[in-house]
Amino acid sequence: EGLAAKLEEYERVRMPEVKALVRLCRVANPYQYRQTGRVSAFRQRLWAVNFLLRMPLAKVPGLSANAFFSMQGEKSYAKIMRRCDRTTLLLAGVGATAAWNVWRVFRRFL
């Protein structure tokens, strides 16, 4: 058990946190710096809507309002990303259900 083995073990143990941190940097606040163009402006608005939709969910245990706010009280980046992913799945499910119900209502009029 030399230094190489210990370094490999350290890398194996820390890699989930590293991967979560890299992902967190990409999703926590991707539009913190001004970006030009219509597509960027549209994406920035979508991100803001997503942010606002998550705010009421902040009080629900196991969900995350926003990755940035989650970082304030949690030490594990992997746990933060799991909470954010869980919230994203919930919002996607609610959105898909709402879209399906709207489609069913409007389909009657076509």
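How many aromatic pairs does the count come to? In this predicted model, the count comes to one aromatic pair. Trp47 and Phe51 form that pair, and their rings are stacked, with 5.5 Å centre to centre and 20 degrees between the planes. Have a look at helix 2, residues 38-54: Trp47 and Phe51 sit four residues apart there, so about one helical turn separates them. As for Trp47 itself, its relative accessibility is 21%, and because buried means under 20%, Trp47 counts as partly exposed.

Now for the nonpolar core. The largest one has six residues in all: Ala20, Leu24, Ala78, Ile80, Met81 and Cys84. Two elements, helix 1 (3-27) and helix 4, each give two or more residues to this core, and helix 4 supplies the largest share, with four residues. As a general point, nonpolar side chains in soluble globular proteins tend to be buried together.

Just before helix 4, stop at Ser76, which lies in the loop between helix 3 (67-70) and helix 4. With a relative accessibility of 16%, Ser76 falls under the 20% cut-off and therefore counts as buried. Its side chain isn't without a polar partner, either: the side chain of Ser76 makes a polar contact with that of Glu17, at 2.8 Å.

Finally, follow helix 4, residues 77-107, along to Phe106, which lies in this helix. Here the picture turns to the surface: Phe106 joins Val102, Val105 and Phe109 in making a nonpolar surface patch of about 430 Å². Helix 4 thus turns up in both settings, giving four residues to the largest nonpolar core and holding Phe106, one of the residues of the surface patch.

Technical notes
Residues numbered from 1 in each chain as written. Predicted model: local features only at pLDDT ≥ 70, side-chain atom pairs only at ≥ 80, totals over all residues. Heavy atoms only, no water. Patch = residues over 30% accessible without salt bridge, like charges linked within 9 Å, V, L, I, M, F, W, Y side chains within 5 Å. Areas by Shrake-Rupley, 256 points an atom, 1.4 Å probe, with all protein chains shown as cover. Salt bridge = Lys/Arg side-chain N within 4 Å of Asp/Glu carboxyl O. Buried < 20%, exposed > 50% of the residue type's maximum accessible area, 1.4 Å probe, protein only. Polar contact = N/O pair within 3.5 Å; in protein donor to acceptor, adjacent residues only side chain to side chain. Phe/Tyr/Trp six-rings, centres within 6.5 Å; stacked < 30°, edge-to-face > 60°. Core = buried A, V, L, I, M, F, W, Y, C linked by side-chain atoms within 4.5 Å.
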